[in-house]
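Here is a short briefing to read alongside the structure. It goes from the overall layout to the core, then to the surface, and ends with pairs that meet across the chain.

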Amino acid sequence: MGRFRREMYEDYARQHSGEYTDDPSYNAAYRRVKRLKRFYSHLKIFIIVNIIIIVSSLTRDRSAGLMVMDLSGLTKWQTYSTVFFWGIGLLAHALSVFGADWFFGPDWEKRKIQKYMEKDTANKNKWE
């Protein structure tokens, strides 16, 4: 049993050899890429599942040998409720991955200060 565990550990170590190092910036970047990858997987599953739900809400009438699509299912709340509530969860996941930097990035404050300084300079030069 011990030999099996050691071999399993060695296999795992070989597969994940670059995963963690002593470099904290590399480890932070690695974790961020993993979180981003999980978010994109979540987004992909969200799109696929909701397309299936919306397409399955279309009813088919096979009377008289004709294939007729009934679009009345597209107007019902039940069709889009999953998209709505899961979308809220997906938005929360996006905010956790991209964080507050998405809205107010690290250089946002600098750009705003520069903009106001240029505006003040333009107003001062206006009356000269």
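**Overall layout**

The protein chain has four helices and two strands. Starting at the N terminus, its elements follow the order α-α-β-β-α-α. Please keep in mind that this is a predicted model. Of the 128 residues in the protein chain, 12% count as buried.

**The nonpolar core**

- Five residues make up the largest nonpolar core: Phe39, Phe46, Leu90, Ala94 and Val97.
- Helices α2 and α3 (77-98) each contribute at least two residues to this core.
- The most comes from α3, which gives three residues.
- As general background, nonpolar side chains in soluble globular proteins tend to be buried together.

**A positive patch on the surface**

- Arg32, Lys34, Arg35, Lys37 and Arg38 form a positive patch on the surface.
- One of these residues, Arg32, belongs to helix α2, which spans residues 24-56.
- Arg32 has a relative accessible area of 47%, so Arg32 is classed as partly exposed, given that the partly exposed range ends at 50%.

**A nonpolar patch on the surface**

- Not every nonpolar side chain here is tucked away: Trp77, Phe84, Phe85 and Ile88 form a nonpolar surface patch.
- Together, these four residues have about 470 Å² of accessible area.
- Phe85, a member of this patch, is located in helix α3.
- Phe85 counts as exposed because its relative accessible area is 54%, and the cut-off for exposed is over 50%.

**Leu58 and its partner along the chain**

- Leu58 sits in the loop between α2 and β1 (59-61).
- Is Leu58 buried or exposed? Leu58 is buried, because its relative accessibility is 14% and buried means under 20%.
- Leu58 and Leu74 are 16 residues apart along the chain, and their C-alpha atoms are separated by 7.0 Å.

**Ile51 and Val83**

- Ile51 is another residue of helix α2.
- With a relative accessible area of 49%, Ile51 is partly exposed.
- What distance separates Ile51 and Val83 in space, C-alpha to C-alpha? The two are 9.4 Å apart, although 32 residues apart in sequence.

Methods
Residues are numbered from 1 along each chain as its sequence is written. This is a predicted model: local features need pLDDT of at least 70, side-chain atom pairs count only at pLDDT 80 or more; totals for chains, interfaces and linings use all residues. Side-chain values use heavy atoms; hydrogens and water are left out. Patches are made of residues with over 30% relative accessible area and no salt bridge: like charges are joined within 9 Å, nonpolar side chains (Val, Leu, Ile, Met, Phe, Trp, Tyr) within 5 Å. Accessible areas come from the Shrake-Rupley method with a 1.4 Å probe; for residues, only the protein chains shown count as cover. Lys and Arg count as positive and Asp and Glu as negative; His and the chain ends are not counted. The place of a charge is taken as NZ of Lys, CZ of Arg, CG of Asp or CD of Glu. Buried means under 20% relative accessible area, exposed over 50%, partly exposed in between (1.4 Å probe, protein chains only). A nonpolar core is a set of buried Ala, Val, Leu, Ile, Met, Phe, Trp, Tyr and Cys residues joined through side-chain atoms within 4.5 Å.
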